[in-house]
Amino acid sequence: MSTWRPHTLLPKADHVLRSQVHDWLCERYASVVLRLRMVSAVTSAAPEAAAAAAAAAAALEAHDGAGKVGIAVAGGIIPLVKLVSCGGDATRRAAAAALAALASHPANKREIAAAGGVRALVAMLLAESPEESKAAACEAIWHLATGSGENRALLVQEGALPPVVALVSSQVAQSAAVRVLRQVAVDVEHARRLVDAGVIHPLLQLFIDASPARVDASEILWSLCMEPTSREAVSAAGGASLWWLYPYALPGLAARAYTAPPAGPAPPPAAASDCGDDPWVPAADVAFTDQDLLCFLREEDVEGSHDS
């Protein structure tokens, strides 16, 4: 049984109330966790249907606010990780869905990683399994990576990037895979690892295919451009010509660029931005053109940049 206490559920520190809440959660979700422990203890002997049903029941309970905390407190994380590692395909998919639901609660992210959840989910991506299972693994990885720099670093360390990049071209797992990459790209220190994993061309292809995932793809490319070497790689791959990447990365500038001109005489042509002191926000009287992106993707570093 986990020793973690749900402090975040309480308005103030009260050891008596904490203990009572902990005991209630353990009792409330004891049956769910007991089923998980039973099927995970005999993974090779347990029927696939029984193991999948136990994991699916945990996933259903974990979608409830109290369930996210209760299953973790009652000790359900370790058996779920074991099912992801050793179960059949249906069991792995259901267990990954349960971990995804648990990982959506901030208090569970570190405990799942400590139990080997990141490694198990990455192994699930590397295994020969249907794309539906890999999509479930990506969903869990995305929740683990969101808001946790430690988990993002662990994902890179465990070799998650190549299999996730490979799923960008998948119709089933594309959305989840791109969201995972978007989280990893939050940390500039991972930019080169993303480039080495071959992320640029699949992301650019999303624009050509008009995929809904191009919204997240534009933010990944924008993040890559924060690192000089990766910016050169984006430019060399054709990213410098994607001025229409901006509508998704910078909605404010896009709105300015695509606003219909007012009725009446045409205003005099505006000068292109010269990437002055602040290349991120052109002056109000400066037209927004592909030159802005080209200027940002130039070889020399842009001074005075800040987070978009």
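User: Leaving aside its neighbours within four places in sequence, which residues is arginine 179 in contact with?

Analyst: Contact means heavy atoms within 4.5 Å. In this predicted model, arginine 179 touches Glu139, Trp142 and Asp216 by that criterion. Residues are numbered from 1 along each chain as its sequence is written, and side-chain values use heavy atoms, with hydrogens and water left out. Because the model is predicted, local features need pLDDT of at least 70 and side-chain atom pairs count only at pLDDT 80 or more, while totals for chains, interfaces and linings use all residues.

User: Thanks! Is arginine 179 buried or exposed?

Analyst: Buried means under 20% relative accessible area, exposed over 50%, and partly exposed in between (1.4 Å probe, protein chains only). Arginine 179 has 18% relative accessibility, so it counts as buried. Its place is in helix α12 (residues 174–184); helices are DSSP runs of H or I with at least four residues, numbered from the N terminus.

User: How do I read pLDDT, and which helix has the lowest mean?

Analyst: pLDDT is the predictor's confidence in each residue, from 0 to 100. The protein chain has a mean of 75, with 65% of its residues at 70 or more. Among its elements, helix α18 (residues 251–258) has the lowest mean, 36, and helix α11 (residues 161–166) the highest, 95.

User: Where does pLDDT stay under 50?

Analyst: Over residues 245–262, for which the model has 31 contacts beyond four places in sequence, and over residues 296–308, with 33 such contacts. Where pLDDT is low, the predicted coordinates should not be read in detail.

Definitions and conventions: Helix = DSSP H or I, 4+ residues; strand = E, 2+ residues; numbered from the N terminus.
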